[in-house]
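Biologist: I am new to this one. Please show it to me, and I will ask how you know what you say.

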Amino acid sequence: MRKNLTGYLLWALLLGTLFLSPGMIGLATVPLSILALGTLIEPPKGITVVRRISRREVRLGEEVEVRVRVTVERGMGIVVVRDPLPGSVALTGGSSVGVFFKGPKPLRVEYTYRIKPVLRGVYTLPRSEVTTRSPLGTRYLWGLYGEELRIRAVPRVLREVSVIETRRKARISVPETSYSIRGPISTDFKEIRNYQTGDPMKLINWKATARMGEVLVNEFEREGKKTVLFIVDAREAMKIGKESESPYEHAMNLVASMAHRFLRKDYHVGLYLLGAGKFIPPATGPRQLHEIVRTMMSFERVQTGEERLDDAVERLRRILIQYTPLVVYVSNILEGTWAETRMGLLTVRAMGRGRTRPMVIDISVYPTLDPGTGTLMEMEKRAIMEDLEKTGAHVVRWLPGEEETGRIVTRLLGEIR
C-alpha cells in the first residue's frame with residue numbers, strides 16, 4: 001500500500017509540474033515530505049528482553065507467572081513483543097503479547113502473564129519475538145530476544161489423604177524387610193563378626209579382638225522397616241486414548257500419591273517400569289519420590305518393548321527375596337496380558353512364601369455400563385479380575401471417569417497397613 005501511495009504522489013507531482021499546477025504540486029509535495037521524514041526516522045532499536053518465571057517445576061493444575069522486562073534504547077515507533085506458547089500450555093491470565101510506543105526517551109516497561117501446563121512433560125518457552133515499526137510504518141525490524149525458558153510439569157501428588165475412616169478395612173499388611181537392610185541400628189545385640197571396611201570404631205569389641213588376634217565388631221539388629229515395590233506397566237496398552245486421559249497418565253498420579261504417603265511413613269519404595277526395563281532400587285527420603293516421578297515421566301511418550309510380567313518378576317527375584325516387599329502392580333489388564341499377569345502374581349506369592357499378598361490395580365478408561373448391558377470388553381474385564389483374585393492377590397479395578405484420584409488413593413491406603 002505504501003508503494004501505491006508513493007506512486008500516486010509522484011504521478012501527481014509529475015502532472016503538476018507538466019501543467020504548471022501549484023495546487024497539484026502542493027498536494028503531492030506535502031505527503032511526500034511526510035513520507036520522507038518517516039523514512040528518515042529509525043524504528044526502535046537497542047532492544048533487551050529479560051524474562052523470569054515464578055517456578056521451574058510445577059504440578060498439574062498449578063500456574064506459572066512469567067514476568068517480562070523490555071528495554072528499548074534508540075529509535076521511535078511501535079514495539080510489539082510476543083511470546084509463542086508451546087502446545088499443551090494454556091494462557092490463564094494476562095497476555096503473552098505486549099504492544100508499546102517508543103518515544104524520544106528510552107523505553108522501559110514490565111508486564112506479566114500466567115500460564116498452566118495441561119499435560120506432564122518438559123516444555124520450552126521459545127525466545128521472545130519482537131517487531132518494531134517506525135511511526136509511519138515505512139520501516140520495520142524483527143528479531144528474537146531473551147533466552148529460552150524450561151518448565152517441567154510433574155504429576156500431581158495428593159499430599160494430604162485421610163484414611164481414618166477406612167483403617168478397620170485394612171486387608172493387606174506390608175511385611176518387615178530382612179534384617180540386613182533395615183533402618184537405624186537398635187540396641188538389640190545380634191552377633192560378633194569380623195570387621196568390615198566402613199564399620200564405626202565404636203562397634204569394635206576390644207576384648208574379643210585381643211583374645212582372637214583379629215579385629216571383631218559387635219553387630220546389632222536394625223529397626224524394622226517396610227518396603228513397597230511398584231511395578232508400573234509402561235507398554236503401549238497403557239497409552240491408549242488421549243494423552244491426558246490414558247491409563248498411564250492416571251497411573252503416574254496414583255503411584256506418585258501413594259509413594260509420597262509410604263515415604264512419609266519411612267518405608268523403602270522402589271519402582272520397576274514394565275516394558276522399559278527401568279528399575280529404581282527401594283530407598284527412602286524425599287529424593288526417592290522425585291526420582292520415581294522423573295522416571296515415570298521420561299517414558300510417558302516413549303515406545304517401549306513387550307516385556308511380560310512373569311519375566312520381569314524373575315528379573316526382580318533377588319530384590320523380592322531380599323526385601324519381601326508389598327508388590328503393587330498397576331496396569332490396564334486385557335486378554336492379551338491375562339496369562340502373563342496370572343503367572344507373575346503366582347511367582348510373587350511363591351517368592352514371598354505366602355507372607356506377601358500382591359496388590360493389582362487395573363486402570364480402565366472404558367465406561368462402566370449398567371448391569372445387564374455390559375459390552376464384550378466389560379464382560380472380559382470382569383472375568384479377568386475374578387480369575388486374578390484366585391491367585392491370592394488383592395485386585396482393585398479403578399475407573400478414573402467415575403472415581404477421582406483422591407478417593408481411590410484414600411481407599412487403597414485404607415486397605416494397607
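Modeller: Start with Asp-310. Leaving aside residues up to four places away in sequence, Asp-310 touches Glu-340, Met-343 and Gly-344. Asp-310 itself is found in helix 6 (residues 309-315). Bear in mind that this is a predicted model.

Biologist: Why is Asp-310 called buried?

Modeller: Its relative accessibility is 11%. Buried means under 20%. So Asp-310 counts as buried.

Biologist: How much of the protein is buried?

Modeller: Buried residues make up 46% of the 417 residues. The protein has ten helices and 19 strands. It exposes about 22200 Å², and carbon and sulfur atoms supply 54% of that.

Biologist: Which share of the contacts joins residues at least 24 apart?

Modeller: That share is 72%, among contacts between residues at least 6 apart in sequence.

Biologist: Let us turn to helix packing. What makes helix 8 roughly parallel to helix 9?

Modeller: Their axes come within 10 Å and cross at roughly 10 degrees. Angles under 35 degrees count as roughly parallel, so helix 8 is roughly parallel to helix 9.

Biologist: Which residues meet there?

Modeller: From helix 8 come Glu-335, Trp-338, Thr-341, Arg-342 and Leu-345. They meet Glu-380, Ala-383, Ile-384, Asp-387 and Leu-388 in helix 9.

Biologist: How do you know that Arg-342 and Asp-387 meet in a salt bridge?

Modeller: Their side chains are 3.1 Å apart, N to O. A salt bridge needs a side-chain nitrogen of Lys or Arg within 4 Å of a carboxyl oxygen of Asp or Glu, so the pair qualifies. The pair also links distant parts of the chain: Arg-342 is in helix 8 (residues 335-351) and Asp-387 in helix 9 (residues 376-389), 45 residues apart.

Biologist: Are these two partners buried or partly exposed?

Modeller: One of each. Arg-342 has 31% relative accessibility, between the limits of 20% and 50%, so Arg-342 is partly exposed. Asp-387 has 16%, under 20%, so Asp-387 is buried.

Biologist: Why can side chains of opposite charge pair?

Modeller: They can pair when their charged atoms come close.

Biologist: What makes Asp-362 and Arg-397 a salt bridge?

Modeller: Their closest N and O atoms are 3.9 Å apart. The cut-off is within 4 Å, so the pair counts. This pair too links distant parts of the chain. Asp-362 lies in strand 18 (residues 359-363), Arg-397 in strand 19 (residues 394-398), and 35 residues separate them.

Biologist: Why is Asp-362 called buried?

Modeller: Asp-362 has a relative accessible area of 0%. That is under 20%, so Asp-362 is buried.

Biologist: How do you know that Glu-42 and Lys-45 form a salt bridge?

Modeller: Their closest N and O atoms are 3.7 Å apart. That is within 4 Å, so the pair counts. Glu-42 is partly exposed at 35%. Lys-45 is partly exposed at 24%.

Biologist: How many salt bridges are in the whole structure?

Modeller: A search finds 19 salt bridges.

Biologist: Back to helices. Why is helix 4 called roughly antiparallel to helix 5?

Modeller: Helix 4 (residues 247-264) and helix 5 (residues 286-298) pack at an angle of about 170 degrees, with axes 10 Å apart. Angles over 145 count as roughly antiparallel, so helix 4 is roughly antiparallel to helix 5. The residues that meet include Met-252, Val-255 and Leu-263 in helix 4, and Leu-289, Ile-292 and Met-296 in helix 5.

Biologist: What does Ala-283 touch?

Modeller: Leaving aside residues up to four places away in sequence, Ala-283 touches Leu-263, Tyr-267, His-268, Val-269 and Gln-288. Ala-283 is in strand 16 (residues 278-283). Ala-283 and Leu-263 are 20 residues apart in sequence and 8.8 Å apart in space, C-alpha to C-alpha.

Biologist: Why does Ala-283 count as partly exposed?

Modeller: Ala-283 has 24% relative accessibility, which falls between 20% and 50%, so it is partly exposed.

Biologist: Which residues form the nonpolar patch on the surface?

Modeller: Ile-78, Val-97, Val-99 and Phe-101 form it, with about 350 Å² of accessible area together. Strand 6 (residues 97-102) supplies the largest share, three residues. Ile-78 lies in strand 4 (residues 77-82).

Biologist: What makes Ile-78 partly exposed?

Modeller: Its relative accessible area is 36%. That sits between 20% and 50%, so Ile-78 is partly exposed.

Note on methods:
Residues are numbered from 1 along each chain as its sequence is written. This is a predicted model: local features need pLDDT of at least 70, side-chain atom pairs count only at pLDDT 80 or more; totals for chains, interfaces and linings use all residues. Side-chain values use heavy atoms; hydrogens and water are left out. Helices (H or I, at least four residues) and strands (E, at least two) are DSSP runs, numbered from the N terminus. Buried means under 20% relative accessible area, exposed over 50%, partly exposed in between (1.4 Å probe, protein chains only). Contact means heavy atoms within 4.5 Å. Accessible areas come from the Shrake-Rupley method with a 1.4 Å probe; for residues, only the protein chains shown count as cover. Patches are made of residues with over 30% relative accessible area and no salt bridge: like charges are joined within 9 Å, nonpolar side chains (Val, Leu, Ile, Met, Phe, Trp, Tyr) within 5 Å. Axes are lines fitted to C-alpha atoms, for helices over the stretch in contact, and angles run from 0 to 180 degrees between N-to-C directions. Angles under 35 degrees count as roughly parallel, over 145 as roughly antiparallel, 65 to 115 as roughly perpendicular and the rest as oblique.
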